[in-house]
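Please work through the exercises below with the sequence and the model side by side. Try each task before reading its solution.

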Amino acid sequence: MPTATLDPARITWAMRAAFLALVIGGGLTIGAVTAPGEWYAALNKPWFNPPGWIFGPVWTVLYVLIAMVGWRAYAAGPSSPRMRLWWGQLALNFVWSPVFFALQRPDLALLVILALLMTLVMLLRTCWSKDRPSALALLPYLAWVSFASLLNLSIFILNP
């Protein structure tokens, strides 16, 4: 099976804008619709729970990186395994907030975020050998999702 390589001619400004609009727009919309409310405020949280104001800036930066990885994966092949993994992580990313905040199910959200973590590791491994800049761009995302997984697990344990 031939290795998909990055085709710079496929990375247009319109494509970049589309990926940014999809990822940032989708993430911010889901975040606004499922914003933490009274239920979340009443939960027992671990000592390392970050202040609420940090999530918006962190996710905005991460969404830009995720979009960049997406347009680079698309340029390498719109139906490549890398692109399928990218879509998989995005779907899991977008599902987590509704499951955690809207459904108020930290237990199911933990399953979602662990699936996201596994998908990210697979995407990073795929990118590492084929597109090192994308792999490096995924490292902060992987670190944040790892931290968020620990936070989700802690909230699940502290709120039986």
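The exercises that follow concern a predicted model, and they go from the whole chain to single residues and then to a pocket.

**Exercise 1. The chain as a whole**

Task: Find how many helices and strands there are in the chain, and decide whether the radius of gyration agrees or disagrees with that of a compact globule.

Solution: Begin with the secondary structure, where the chain has six helices and zero strands. Read from the N terminus on, the order of the elements is therefore α-α-α-α-α-α. Next take the overall dimensions: along the principal axes, the C-alpha atoms fill a box of roughly 50 × 30 × 25 Å. For a chain with 160 residues, a compact globule would have a radius of gyration near 15 Å, and the 16 Å of this chain agrees with that. Then turn to the interior, noting that buried residues make up 43% of the 160 residues. Finally, consider the contacts between residues at least 6 apart in sequence, of which 79% join residues at least 24 apart.

**Exercise 2. Two helices and what comes just after them**

Task: Compare the reach of α3 with the span expected at 1.5 Å a residue, do likewise for α4, and state which residue takes a positive phi just after α4.

Solution: Helix α3 has 22 residues, and the distance from its first C-alpha to its last is 31 Å, close to the expected 32 Å. Helix α4 also has 22 residues and reaches 31 Å, again close to the 32 Å expected. Just after α3, Gly 77 has a positive phi of about 160°, while just after α4 a positive phi of about 55° is found at Gln 104. The second case deserves a further step, since most residues other than glycine have a negative phi. Gln 104 is a residue other than glycine with a positive value, and its place is the loop between α4 and α5. With a relative accessible area of 39%, Gln 104 is partly exposed, because that value lies between the 20% and 50% cut-offs.

**Exercise 3. Buried or exposed?**

Task: Classify Pro 50, Ser 154 and Pro 160 as buried or exposed, and then describe where each is placed.

Solution: The reasoning needs two cut-offs, with buried meaning under 20% relative accessible area and exposed meaning over 50%. Pro 50, in the loop between α2 and α3, has 15% relative accessibility and so counts as buried. Leaving aside neighbours within four places in sequence, Pro 50 is in contact with Phe 55, Phe 147 and Leu 151. The last of these partners is 101 residues away along the chain, yet the C-alpha atoms of Pro 50 and Leu 151 are separated by 9.4 Å.

Ser 154 belongs to helix α6 and is buried, with a relative accessible area of 13%. Not counting residues up to four places away in sequence, Ser 154 touches Pro 46 and Phe 48.

Pro 160 lies in the segment after α6, and its relative accessible area of 97% makes it exposed. Its C-alpha atom is separated by 38 Å from that of Met 83, with their positions 77 residues apart along the chain.

**Exercise 4. Contacts across the sequence**

Task: Name the residues in contact with Leu 65 and with Arg 16, leaving aside neighbours within four places in sequence.

Solution: Leu 65 is part of helix α3 and is partly exposed, at a relative accessible area of 23%. Its contacts are with Ala 137 and Pro 140. The C-alpha atoms of Leu 65 and Leu 136 are 9.7 Å apart, although the two residues are 71 apart along the chain. Arg 16, in helix α1, is in contact with Ile 11 and Trp 71. For Arg 16 and Trp 71, a sequence separation of 55 residues goes with a C-alpha distance of 6.3 Å.

**Exercise 5. The largest pocket**

Task: Describe the volume of the largest pocket and the classes of residue in its lining.

Solution: The volume of the largest pocket is about 630 Å³. It is lined by 28 residues, and those closest to its centre are Phe 55, Trp 59, Trp 96, Ser 97 and Phe 101. The elements that give two or more residues to this lining are α1, α3, α4, α5 and α6. By class, the lining consists of 19 nonpolar and nine polar residues, with no charged residues.

Conventions
Residues are numbered from 1 along each chain as its sequence is written. This is a predicted model: local features need pLDDT of at least 70, side-chain atom pairs count only at pLDDT 80 or more; totals for chains, interfaces and linings use all residues. Side-chain values use heavy atoms; hydrogens and water are left out. On a 1 Å grid over the protein atoms alone, a cavity is a set of points where a 1.4 Å probe fits but cannot get out, and a pocket is an open set with protein on both sides within 12 Å along at least five of seven lines; lining residues have an atom within 4 Å of a point. Grid points are joined across faces, edges and corners, and a volume is the space filled by probe spheres set on the points. Helices (H or I, at least four residues) and strands (E, at least two) are DSSP runs, numbered from the N terminus. Ala, Val, Leu, Ile, Met, Phe, Trp, Tyr, Cys and Pro count as nonpolar, Asp, Glu, Lys and Arg as charged, and the others, Gly among them, as polar. Buried means under 20% relative accessible area, exposed over 50%, partly exposed in between (1.4 Å probe, protein chains only). The expected span of a helix is 1.5 Å times one less than its number of residues. The radius of gyration is taken over C-alpha atoms; the globule rule is 2.2 Å times the number of residues to the power 0.38. Contact means heavy atoms within 4.5 Å.
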